[in-house]
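Colleague: I should be grateful for a close look at one part of this model, set within the whole.

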Amino acid sequence: QVQLVESGGGLVQPGGSLRLSCAASGSIATMGWSRQAPGKQRELVASISIGGSTTYADSVKGRFTISRDNAKNTVYLQMNSLKSEDTAVYFCGARVRVGVSLKLYDYNYWGQGIQVTVSS
């Protein structure tokens, strides 16, 4: 069983930045971040393989950057130029297979989620 613990959420003004972290209990082939806004479906926004390959949803491309520290079993999501529509609960996910993916069903484990609120 893989444990994932997110941190770094909070309240930020539009145009601001925030960095999320997710610590895993072991080495994971592929990690990703999803989010769920009130009344909307959950979407996968970024994914990174153990080798460093990345992919992003169009909604965050150019604003968000996913990275990982394999020595610390930690993945990060740097979020810049935040908009009110980025407000959501963000979840860290782990996929046991190698290969980036933006499909929720490809992920085997999820963290409990952390709130990000973008508001003035």
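Colleague: Is alanine 29 buried or exposed?

Modeller: Alanine 29 is buried, with a relative accessible area of 12%; here buried means under 20% relative accessible area, exposed means over 50%, and partly exposed lies in between, with a 1.4 Å probe and protein chains only. Two remarks on the basis of these values come before the details. The model is predicted, so that local features need pLDDT of at least 70 and side-chain atom pairs count only at pLDDT 80 or more, while totals for chains, interfaces and linings use all residues. Residues are numbered from 1 along each chain as its sequence is written, and side-chain values use heavy atoms, with hydrogens and water left out.

Alanine 29 sits in the loop between β3 and β4; strands are DSSP runs of E with at least two residues, helices are runs of H or I with at least four, and both are numbered from the N terminus. Leaving aside neighbours within four places in sequence, alanine 29 is in contact (heavy atoms within 4.5 Å) with Ile48, Ser49, Ile50, Arg68, Arg95, Val96, Arg97 and Val98. Glycine 10 is 19 residues from alanine 29 in sequence, yet their C-alpha atoms are 28 Å apart in space.

One of these partners, isoleucine 50, belongs to the loop between β5 and β6 (54–56). Isoleucine 50 is partly exposed, at a relative accessible area of 36%. Besides Ala29, isoleucine 50 touches Ser27, Ile28, Arg68 and Asn70, residues up to four places away in sequence not being counted. Arg68 thus appears in the contacts of alanine 29 and in those of isoleucine 50. From isoleucine 50 to threonine 30 the C-alpha separation is 5.8 Å, with their positions 20 residues apart in sequence.

The surrounding fold has 0 helices and 11 strands. The radius of gyration, taken over C-alpha atoms, is 13 Å, close to the 14 Å that the globule rule gives for 120 residues, so the protein is as compact as a globular protein of that length. That rule is 2.2 Å times the number of residues to the power 0.38. Along the principal axes, the C-alpha trace spans about 40 × 25 × 25 Å. Of the 120 residues, 44% are buried. Among contacts between residues at least 6 apart in sequence, 58% join residues at least 24 apart.

The largest nonpolar core holds 29 residues, and Met31, Trp33, Leu77, Met79 and Tyr90 have the most contacts inside it. Such a core is a set of buried Ala, Val, Leu, Ile, Met, Phe, Trp, Tyr and Cys residues joined through side-chain atoms within 4.5 Å. Strands that each supply at least two of its residues include β3 (18–24), β4 (30–36) and β5 (43–49). Methionine 79 touches residues including Leu18, Leu20, Phe64, Tyr90 and Val116, those up to four places away in sequence being left out.

Two other loops deserve a brief word. Asparagine 73, in the loop between β7 and β8, has a positive phi of about 50° although it is not a glycine. Asparagine 73 is partly exposed, with a relative accessible area of 21%. Serine 81, in the loop between β8 and β9, likewise has a positive phi of about 50° without being a glycine. Its relative accessible area of 42% makes serine 81 partly exposed. Most residues other than glycine have a negative phi.
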